[in-house]
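Here is a short note for a colleague opening this entry for the first time. Please keep the sequence and the 3D view at hand while reading.

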Amino acid sequence: MIVNVAGVSRRFGDALALDGVTFSLRENTIYGLLGRNGAGKTTLMQLLTGQQIPTAGTVEVLGQPPLENDAVLTQVCFIRENLRYPDWFKVKHALRAGAALFPHWDEAFAQSLVDDFALPRDRPVRKLSRGMLSAVGVILGLASRAPLTLFDEPYLGLDAVARQRFYDHLLADYAEHPRTVVLSTHLIDEVADLIEHVLVLDGGRLIVDEAADALRGQVVTVTGPAPAVSSVANGRVELHRMSLGSVVRATVRGVVDDRARAEAERLGAKVEPLSLQQLVVSLVGAGAADAKESSR
Amino acid sequence: MTAVPVTPTAAAPISPVRRTLTVSRVLYLNWPMALAFPLGIMATSFIINILIFAALGDAAAEGGTGGLASLYIVQLIVCWQGMLQNFAFSVGLNVTRRAFYAASVLVATIQSVGYAVFLYGCALVERATDGWGVHLHFFDPLPVTHSFSPVTILVYAVPLLLISFLGLFLGAVNKRWGSTGVFILAIVSIFVLGGIAALITFLDGWPAVGHWLVARSWRSIAIGWSLIPAALAAAGGWWVLRRTVP
């Protein structure tokens, strides 16, 4: 395991940004860290990089606490959306900084990425468009080849074409140089094919920590007459239900095996898997409903 | 192609000295810009002084000007702003606060000594040319700089160091608590310094303070005694930065 997080909480005044989070990250895997704004994604990444200090619990990266630890932190690259560059930096200075700071830096790869994203090397970073600024961050993150690379939505400023280019480069480079990558994003469906393992934070709590493939089969929508839908929903967790006349559509969590599926279809219902994005939305929505329930 | 995993099994130790040098290189990546402002502004001040003294001609008294202060003021701002911006970038990219601060202190020290040597050289030229031909004491304005031994370099360097560390400290306060923090610090400082002055007045202590100052040479104040607040500012900067989030 490259990362071990145990019982980590982080409190800011009255707000509990993270609440008893426990998980591990394996070597050479691409993780998706998903959740709404304010769910605690950035705080979690800051804890992994020693930028924040946990209120409770322990964080270990490469077997050691990351706080003020050069040995650990030179192996970690954390690119956040609002990374600030000094005013006097040009694009080429940002690249030189990356080359100096990251021991696994690949200069040739960095230069090819600069060409591919059509970045002007001599332009001051503060004069770049939002898309170009995002591209600088993405290039730093990719070319660092850090064994643990964290992307906190730095691709937000990129347009759809540039984002696809980023995903393609990430996947191609990952195939040649496997490492642990954590992508935090709202654009869940875009990264669904990249992600091997899903972590979902909701209100500071980790509500999903599962392999993407396993998760995909776990939540389905069942559409059809009420008795047929209930045949699937019974004994599983029903996350959401709506009805239109006699037709009911329910979102259900729990493995639906072939027998259950056949039974539902015999009764006239259709069982469909959810896209990763719909799945996360339904789980996060259910979490919010649970929280409301328990606070009553 | 065979895949080459980059993940090490455990973190290998890193020499703190090497890391500090690496980070200082990052702080100085755009070194022409880092030098252009302090030297450019001082040069401007120098040229204006030359023009004024030349215009005054013989009417000008043999004298010094405060023009050199421009370098010290700019250095304060450079360190302050440098701390704000470099911290967000470097620590944002996972440089440890310790390595970052050590590198900042190292760069400020090299700058201070470098400028001091440069000023000393200029002062030698100034002396040899009878004040640039116009009796101007720009680089050598105080009695304390008049003695021309290389020790004079320290007379320039240590106050610069004090100013630089003060800039780093203010930058750290600014980064951690925002401009509110700087204003509160200003209020507290005025209160404390004013309080000390009031206390000295109340105790009729000014003559004693005067005696203390007179008993020490200018040189010992500029070199030796300036080191105390410089060290305090450097330590204060670290104390503030230790828990600052980029």
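1. Which residues do ring pairs link into a cluster? The cluster is made of F46(B), W132(B), F138(B) and F139(B). Please bear in mind throughout that the model is predicted.

2. Now the other rings. Over all chains, the count is 12 aromatic pairs. One of them joins F166(A) and Y167(A). A pair of aromatic rings is described by the distance of the centres and the angle of the planes. For F166(A) and Y167(A), the centres are 5.7 Å apart and the planes meet at 50°. That pair is classed as tilted, because tilted covers the angles that are neither under 30 degrees nor over 60. Both partners are buried: F166(A) and Y167(A).

3. Next, chain A as a whole. Its secondary structure comprises 11 helices and 13 strands. Along the principal axes, its C-alpha atoms occupy a box of roughly 65 × 40 × 30 Å. The chain has 296 residues, and 53% of them are buried. What share of the contacts between residues at least 6 apart in sequence joins residues at least 24 apart? In chain A that share is 68%.

4. The interface comes next. The size of an interface is often given as the accessible area lost when the parts come together. Between chain A and chain B, about 3700 Å² is buried. Carbon and sulfur atoms give 60% of that area. Chain A brings 48 residues to the contact, and chain B brings 41.

5. Consider the polar side of the interface. There are 11 residue pairs in polar contact between chain A and chain B, with both residues at pLDDT 80 or more. On the chain A side, four elements give two or more residues each: α2 (70-73), β5 (76-80), α3 (91-101) and α6 (160-176). By type, the residues of chain A that touch chain B are 24 nonpolar, 14 polar and 10 charged.

6. How many salt bridges cross the interface of chain A and chain B? The rule finds three. Among them is E68(A) with R97(B), whose closest N and O atoms are 3.4 Å apart. Another joins R19(B) to D70(A), with 3.9 Å between the closest N and O atoms. This pair runs from helix α1 (residues 16-27) of chain B to helix α2 of chain A. Are its partners buried or exposed? Both R19(B) and D70(A) are buried.

7. Beyond the interface, the salt bridges over all chains number 14. R121(A) pairs with D115(A), the closest N and O atoms lying 3.1 Å apart. R121(A) is partly exposed because its relative accessible area is 30%. K270(A) and E272(A) also meet through their side chains, at 4.0 Å from N to O. E272(A) has a relative accessible area of 30%, so it counts as partly exposed. Elsewhere, salt bridges with shared partners connect D106(A), R145(A), D173(A) and R179(A) in one network.

8. Please look at L133(A). It sits in helix α5 (residues 130-143) of chain A. Why does L133(A) count as partly exposed? The reason is its relative accessible area of 31%, because partly exposed lies between under 20% for buried and over 50% for exposed. Setting aside neighbours within four places in sequence, L133(A) is in contact with Y85(A), V125(A) and L128(A). G157(A) is 24 residues from L133(A) in sequence, and their C-alpha atoms are 7.6 Å apart.

9. Last, A56(A). This residue belongs to strand β4 (residues 56-61) of chain A. A56(A) is partly exposed because its relative accessibility is 35%. Not counting residues up to four places away in sequence, A56(A) touches G7(A), V8(A) and S9(A). How far apart are the C-alpha atoms of A56(A) and P120(A)? They are separated by 45 Å, with the two positions 64 residues apart along the chain.

Methods. Residues are numbered from 1 along each chain as its sequence is written. Chains are lettered from A and ligands numbered from 1 in the order in which they are written. This is a predicted model: local features need pLDDT of at least 70, side-chain atom pairs count only at pLDDT 80 or more; totals for chains, interfaces and linings use all residues. Side-chain values use heavy atoms; hydrogens and water are left out. Contact means heavy atoms within 4.5 Å. Buried area is the accessible area (1.4 Å probe) that two parts lose on being put together, summed over both. A polar contact is a pair of N or O atoms within 3.5 Å; within protein, one must be able to donate a hydrogen and the other to accept it, and residues adjacent in sequence count only if both atoms are side-chain atoms. Ala, Val, Leu, Ile, Met, Phe, Trp, Tyr, Cys and Pro count as nonpolar, Asp, Glu, Lys and Arg as charged, and the others, Gly among them, as polar. Rings of Phe, Tyr and Trp (its six-membered ring) pair if their centres lie within 6.5 Å; planes under 30 degrees apart count as stacked, over 60 as edge-to-face and the rest as tilted. Buried means under 20% relative accessible area, exposed over 50%, partly exposed in between (1.4 Å probe, protein chains only).
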